[in-house]
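Reader: I'm new to this one, so could you walk me slowly through a single part of it? I'd like to hear about the charged side chains and how they pair up.

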Amino acid sequence: MESQRVVVVVEEVAAARAALQWAVHNFIRAGDCITLLHVCPPARSRRRRRSLRLGGFQLALAFKELCNGIAEAKVEIVVREGEVGETVVATVNQLTATTLVVGLHDKSFLYKSTSPYERMRRLGCRVLGIRQHATARDGSFNAELTQIETINLHVPPPKIPFPMFTLPLGVLWGRKSKAKKRK
């Protein structure tokens with residue numbers, strides 16, 4: 001089989017860690033290339049920007065430990081700065097990834113977009129959204145997989161709720177104008 005390039009979005013939420021664990025146990029094979037992508041918010045000061053990048057890199061290193069069980073897998077860490085959704089789309093397309101793995105949570109960048117379908121269309125790969133459920137008693141976790149097919153995604157044009165007619169009411173009711181009545 002051909003090796004895959006899998007991009008995993010690294011965030012400071014439990015759902016992101018659960019998504020990576022699910023991908024390691026169920027999806028990623030030996031020989032695949034895993035890119036751990038963390039996106040920092042933009043900062044004006046150089047010190048703040050450096051602090052955010054360092055924190056993102058340390059978070060990605062913690063996620064890298066979860067990938068140690070995969071033999072012959074190449075793990076890369078990429079830390080970028082910018083708006084999360086746009087930066088993820090740009091990085092995935094730049095790396096020509098085959099799969100994007102995202103942990104779904106209430107504040108996920110997939111939900112924040114004004115037009116999430118447009119953003120998904122610009123991705124040239126499949127998207128696996130993993131939602132974490134309550135932890136089981138034996139230490140394992142339950143996860144729900146949502147695969148979003150971007151190739152066959154069809155977004156219908158927005159519908160107009162009702163047609164608008166610009167006719168005056170007098171025309172509809174058969175009333176004559178005041179000028180004709182005076183004659």
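Author: Sure, and one term comes up throughout: a salt bridge here is a side-chain nitrogen of Lys or Arg within 4 Å of a carboxyl oxygen of Asp or Glu. Keep in mind that this is a predicted model. With that rule, the count is five salt bridges.

Let's start with a little cluster. Arg5, Lys74 and Glu76 are tied together in a network of salt bridges. Zooming in on one pair from that group, the side chains of glutamate 76 and arginine 5 meet with 3.5 Å from N to O. The two come from distant parts of the chain, 71 residues apart: arginine 5 sits in strand S1 (residues 5-9), glutamate 76 in strand S3 (residues 74-81). Are they buried or exposed? Both glutamate 76 and arginine 5 are buried.

Glutamate 76 has another partner to look at. The side chain of threonine 35 makes a polar contact with the side chain of glutamate 76, at 3.1 Å. Threonine 35 belongs to strand S2, which covers residues 33-40. Its relative accessible area is 1%, so threonine 35 is buried. And what does threonine 35 touch, if we skip residues up to four places away in sequence? The list is Arg5, Val6, Val7, Val8, Glu76, Val78 and Leu95. Notice that Arg5 and Glu76, the salt-bridge pair from above, both turn up among those contacts.

Now for a pair outside that story. Aspartate 32 forms a salt bridge with arginine 29, and their closest N and O atoms are 4.0 Å apart. Here the two ends get different labels: aspartate 32 has 1% relative accessibility, so it counts as buried, while arginine 29, at 29%, counts as partly exposed. The cut-off behind that is simple, because buried means under 20% relative accessible area and exposed means over 50%, with partly exposed in between.

One last pair takes us back to strand S3. Glutamate 81 forms a salt bridge with arginine 53, with 3.2 Å between the closest N and O atoms. This pair also links distant parts of the chain, as glutamate 81 is in strand S3 and arginine 53 is in helix H2 (residues 46-64), 28 residues apart. Glutamate 81 has a relative accessible area of 28%, so it is partly exposed. Arginine 53 comes in at 41% relative accessibility, so it counts as partly exposed too.

Note on methods:
Residues are numbered from 1 along each chain as its sequence is written. This is a predicted model: local features need pLDDT of at least 70, side-chain atom pairs count only at pLDDT 80 or more; totals for chains, interfaces and linings use all residues. Side-chain values use heavy atoms; hydrogens and water are left out. Helices (H or I, at least four residues) and strands (E, at least two) are DSSP runs, numbered from the N terminus. Buried means under 20% relative accessible area, exposed over 50%, partly exposed in between (1.4 Å probe, protein chains only). A polar contact is a pair of N or O atoms within 3.5 Å; within protein, one must be able to donate a hydrogen and the other to accept it, and residues adjacent in sequence count only if both atoms are side-chain atoms. Contact means heavy atoms within 4.5 Å.
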